[in-house]
Amino acid sequence: MTLHVVGAGLAGLSCALGAVDAGLDVVLHESAGQAGGRCRSWHEPSIGETIDNGTHMVLGGNRALFAYLRRIGAADRLTPAPIAFPMVDLKTNERWTATPLHLFPSLVASTWQIQHEADTDIARLLGASRNYRRFWEPIALAVMNTPAEDASAHVFRRVLARTLWRGLAASRPYVVRHSLSDTFVTPALSSLAATGADLRFTHPLRRLVVSGQRVRELAFDDQTIQLGQNDQVVLALPWAVAAGLLPDLPKLPASPIVNAHFRLSVPPSKLPAGGFVGLLGGTAQWLFVRGNILSVTVSAAGDLAERSVEELRQILWNDVSKALELKDLPVASRIIKEKRATIYHTPAVEAVRPGVRAGDNLFLAGDWTATGLPCTLEGAIHSGVVAARTLTDAQNTR
């Protein structure tokens, strides 16, 4: 039996690792010249440094993610931060530190009731909380990439149940030490290569040939692969790409993210605790500092993603300079728009996210599938684990 995993983002890498560990022969197909998908890094000429396509914060309770890092020997490539979230109001210059553990009792009381009730939005559930505007709303926006007045309370509750509710260790934030690729991608490719997995890059899948409930052929640019009776396929692709191959997939609207990277001549003198700070009262939402690179994330960017690069650069730099009290202009900058960064996590969208099984020998993986989690690194890795487990279980029961 051969497993063909199509897509080498975190979902595909996680699935491929789970499959080789189960004793399967794996071929990993990737349309781009590199792995990582939306979790990747590169040397950016305009900056003169290595940058990530976006910024990500990990919490200690992200069990699938830490298991993945242990499997590829990269658990030491995350840097732990204090269990506190430094915040700045850009309008008033008020600065404070939010400690989630101190906010638990009211939050648990507010959210525990929804586990058996119809889904609603986060704002309706938590909007009356005293700490809503100062902490829970910006946290929910970062986690869900959907405004709190639209975002599924059920999904947000699952995140809290896996992380902040589990105590100190599960609440601790982590940031990547060097880059996303160095942490999540390069070690995974080395681990797969060591198992004999076949890694094929610049190899886009154009068409599935399906007969009944079985995939019979995979048509790539350079070849068509005939599948054997026991061969399996996992599509670990972004929703928009998967929908082009499987037109019956439910429509999942997208939510954009805007990221900005600024290079300073020297690292800033005022470093936020843990290397990050939450920003309120402006356009920028979270600011990460790594050496002399300042990285900004704006979730649920909406119309902002339609603005010009020059306008975004000016708006976001104004917020950064206020937050860190900087006077000198950046040496260089790079704006990145991800118009299909994640799905839009409303209760209605959550109800139609597809499951892992798509045919007799066809499976789905990706942060947009029905993981019960939002589209995060944890969600992507978890989806790959579930896909690998499901197909191996199906093979073993034949």
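Good morning. Six bridges join strand 11 to strand 12, and the two strands run antiparallel. I begin with this pair, and I should say at once that the model before you is predicted.

One bridge in the pair sets Val209 opposite Glu217 of strand 12. Two residues separate strand 11 from strand 12, and together the strands form a hairpin. In the turn of that hairpin, Gly212 has a positive phi of about 65 degrees.

Strand 12 has a further partner in strand 13, residues 224-226. Three bridges connect strand 12 with strand 13, again in antiparallel fashion. Glu217 takes part here as well, with Gln226 of strand 13 as its bridge partner. Strand 12 and strand 13 also make a hairpin, with three residues between them.

Is strand 12 largely enclosed or not by the rest of the structure? Strand 12 covers residues 214-220, and five of its seven residues are buried, so the rest of the structure largely encloses it.

Let me turn to His203. This residue sits in the loop between strand 10, residues 198-200, and strand 11, residues 205-211. His203 has a relative accessibility of 4%, and it counts as buried because the cut-off is under 20%. Which residues is His203 in contact with, leaving aside its neighbours within four places in sequence? They are His29, Glu30, Ser31, Phe220, Asp222 and Gln223. Of these, Phe220 belongs to strand 12, which spans residues 214-220.

Next, a second sheet arrangement. Three strands form an open sheet in the order 5-9-6, with antiparallel pairing. Strand 5, residues 58-59, and strand 6 stand at the edges with a single partner strand each, so each has one side without a neighbour in the sheet. Strand 6 is joined to strand 9 by three bridges. In one of the bridges involving strand 9, Val175 is the partner of Thr79.

Strand 9 leads us to the second largest pocket, which holds about 390 Å³ of space. Of the 25 residues lining this pocket, the closest to its centre are Val176, Arg177, His178, Val289 and Arg290. Which strands each supply at least two residues of the lining? They are strand 4 (49-52), strand 6 (78-80), strand 9 (173-176), strand 17 (286-290) and strand 18 (293-298). Strand 4 gives the largest share, with four residues. By class, the lining comprises nine nonpolar, 12 polar and four charged residues.

I close with the nonpolar interior. In soluble globular proteins, nonpolar side chains tend to be buried together. Here the largest nonpolar core has 44 residues, and those touching the most other members are Leu10, Leu13, Leu65, Tyr68, Leu78, Phe184 and Val234. Elements that each supply at least two residues of this core include strand 1 (2-6), strand 2 (25-29), helix 2 (63-71), helix 8 (180-194) and helix 12 (377-396). Strand 9 is also one of these contributors, and it supplies lining residues to the second largest pocket too. Helix 1 gives the most to the core, with eight residues.

Leu13 shows the contacts in detail. Not counting residues up to four places away in sequence, Leu13 touches Ala8, Leu28, Tyr68, Phe184, Val185, Ala188, Leu189 and Leu192. Apart from this core lies another, of 27 residues, among them Ala140, Ala148, Ala151 and Phe156. Thank you.

Technical notes:
Residues are numbered from 1 along each chain as its sequence is written. This is a predicted model: local features need pLDDT of at least 70, side-chain atom pairs count only at pLDDT 80 or more; totals for chains, interfaces and linings use all residues. Side-chain values use heavy atoms; hydrogens and water are left out. On a 1 Å grid over the protein atoms alone, a cavity is a set of points where a 1.4 Å probe fits but cannot get out, and a pocket is an open set with protein on both sides within 12 Å along at least five of seven lines; lining residues have an atom within 4 Å of a point. Grid points are joined across faces, edges and corners, and a volume is the space filled by probe spheres set on the points. Ala, Val, Leu, Ile, Met, Phe, Trp, Tyr, Cys and Pro count as nonpolar, Asp, Glu, Lys and Arg as charged, and the others, Gly among them, as polar. A nonpolar core is a set of buried Ala, Val, Leu, Ile, Met, Phe, Trp, Tyr and Cys residues joined through side-chain atoms within 4.5 Å. Buried means under 20% relative accessible area, exposed over 50%, partly exposed in between (1.4 Å probe, protein chains only). Contact means heavy atoms within 4.5 Å. Two strands pair if DSSP finds at least two bridges between them.
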